[in-house]
Amino acid sequence: MSKPILLVLAAGMGSRYGGVKQIEPIGPNQAIILEYSVFDAIRAGFGKVIFVIRRDIEKDFVEHVLPRFSSKIEVGYVFQDMTDMPVTGLTLAERKKPWGTSHAVYAARAVIDAPFAVINADDFYGSDAFLVAGKQLAASDPSKNDFCMVGYELAKTVSDFGSVSRGLCQVDTQGNLTDVVEHTKISKDAGGIKSLQADGSTVKCSGNETVSMNFFGFTPPIFKAIETQFVDFIKTKGQDPGAEFFIPLVVNSMIHDGSAKLKVLRSNATWFGITYKEDLPDVKAGLRTLIDKGDYPEQLWA
């Protein structure tokens with residue numbers, strides 16, 4: 001049985017953060033979030049890490065990121081390219097950013113042949129999240145559409161400094177996902193947590209909702225499903241330069257048509273994320289607490 005693969009989505013523009021936040025130091029010895037994710041993945045039994053990056057950050061990535069752990073686990077990277085599409089001959093609106101998270105996963109289709117987890121490069125998911133996902137994926141049949149996702153509590157994943165994107169989930173009594181809807185402008189204020197809708201209205205959130213933080217577990221057949229749905233997405237949304245092909249769009253479609261099941265995994269892991277520069281001190285403090293508790297060594301690769 002092959003070990004699961006970790007696919008890290010690192011092609012984000014970092015527009016809200018104002019820089020390449022994936023290589024922002026957060027821990028001792030200038031450790032970055034990616035190092036903690038890879039460290040946790042190794043402890044959880046993952047056998048390979050593939051990064052999805054942009055061509056314009058390749059030099060920084062190869063020089064400053066890969067050498068940190070390339071001697072610890074097999075690593076590789078692929079490019080998310082806006083021109084990488086399963087359709088040709090269409091006149092599309094000019095874009096300044098890639099097509100979204102499903103397209104980023106699609107970029108790795110040629111290098112993944114085993115069950116794999118998908119994470120964001122700029123999120124700290126916690127060691128238990130990798131353990132529960134790794135266990136589920138190791139037991140998965142690579143030929144079937146049996147997927148998984150690590151769920152988090154909404155209130156613990158919002159920023160004090162601006163809006164965030166979250167997939168709000170509905171889960172049945174057996175722990176299977178029945179629906180996930182991407183909310184791209186969730187924020188909190190004195191009145192609580194709210195989601196701004198496209199029509200200008202707001203939806204009030206309790207904070208107890210289960211949300212997706214883009215920690216999914218898939219098997220290789222997901223690539224064909226993404227390709228099929230991407231063709232339809234391009235034909236209907238290709239003229240919108242801001243349209244994004246999110247992972248929940250593919251997952252939802254497959255769940256609703258019965259072609260896939262997705263188990264929502266519960267974890268006691270602590271999540272941190274850097275959406276805005278102002279988030280950085282809280283992330284560093286939270287990580288320091290985990291190090292002091294003994295969850296992580298002072299020097300990751302000592």
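How many of the ten residues of H6 are buried? Seven of them are, so this helix is largely enclosed by the rest of the structure. Hi everyone, and thanks for having me. Before I go on, please keep in mind that what we have here is a predicted model.

Let me stay with H6 for a moment. The buried residues in this helix are Ile-247, Pro-248, Val-250, Val-251, Asn-252, Met-254 and Ile-255. Just past the end of H6 there is Gly-258, which takes a positive phi of about 80 degrees.

Now, who sits against H6? One partner is helix H5, residues 222–237. The buried residues of H5 pack against H6, and also against helix H3, strand S6, strand S8 and strand S13. Those buried H5 residues are Ile-222, Phe-223, Ala-225, Ile-226, Gln-229, Phe-230, Val-231, Phe-233 and Ile-234. If you look along that list, here is something handy to remember: an α-helix has 3.6 residues a turn, so residues three or four places apart point the same way.

We can check the length of H5 too. With 16 residues at 1.5 Å a residue, H5 should span 22 Å, and its end C-alpha atoms are 21 Å apart, which agrees.

Next, a residue from H3, which covers 101–106. Ser-102 lies in this helix. Is Ser-102 buried or exposed? It is buried, because its relative accessible area is 1%, and the cut-off for buried is under 20%. Ser-102 touches Ile-226, Phe-245, Phe-246, Ile-247 and Val-250, leaving aside residues up to four places away in sequence. So you can find both H5 and H6 in that list, because Ile-226 is one of the buried residues of H5 and Ile-247 and Val-250 are among those of H6.

On to strand S6, residues 116–120. Five of its five residues are buried. In a regular strand the side chains alternate between the two faces of the sheet. Here Phe-116, Val-118 and Asn-120 are on one side, Ala-117 and Ile-119 are on the other, and both faces are covered. As for its neighbours, S6 runs parallel to strand S1, joined by five bridges, with Leu-9 opposite Asn-120. S6 also pairs with S13, this time antiparallel, through three bridges, and there Ala-117 stands opposite Gly-217.

Now let's turn to Asn-145, in the loop between helix H4 and S8. This one is partly exposed, with a relative accessible area of 21%. Asn-145 touches Thr-219, Pro-221, Met-254, Ser-259, Ala-260 and Lys-261, again not counting residues up to four places away in sequence. You may recognise Met-254 from the buried residues of H6. The side chain of Asn-145 also reaches the backbone oxygen of Ser-259 at 3.0 Å. For a sense of distance, Asn-145 and Glu-35 are 110 residues apart in sequence and 30 Å apart in space, C-alpha to C-alpha.

Finally, for those of you who work with cysteines: how many disulfides does the model have? The count is zero. Cys-148 is in no disulfide, and the nearest cysteine sulfur, in Cys-169, is 13 Å away. For Cys-169, the closest cysteine sulfur is that of Cys-205 at 12 Å, too far for a bond. Cys-148 counts as buried, at 3% relative accessibility, and Cys-169 counts as buried too, at 8%.

That's my tour. Thanks for listening!

Definitions and conventions. Residues are numbered from 1 along each chain as its sequence is written. This is a predicted model: local features need pLDDT of at least 70, side-chain atom pairs count only at pLDDT 80 or more; totals for chains, interfaces and linings use all residues. Side-chain values use heavy atoms; hydrogens and water are left out. Helices (H or I, at least four residues) and strands (E, at least two) are DSSP runs, numbered from the N terminus. The expected span of a helix is 1.5 Å times one less than its number of residues. Buried means under 20% relative accessible area, exposed over 50%, partly exposed in between (1.4 Å probe, protein chains only). Contact means heavy atoms within 4.5 Å. A polar contact is a pair of N or O atoms within 3.5 Å; within protein, one must be able to donate a hydrogen and the other to accept it, and residues adjacent in sequence count only if both atoms are side-chain atoms. Two strands pair if DSSP finds at least two bridges between them. A disulfide is a pair of cysteine sulfur atoms within 2.5 Å.
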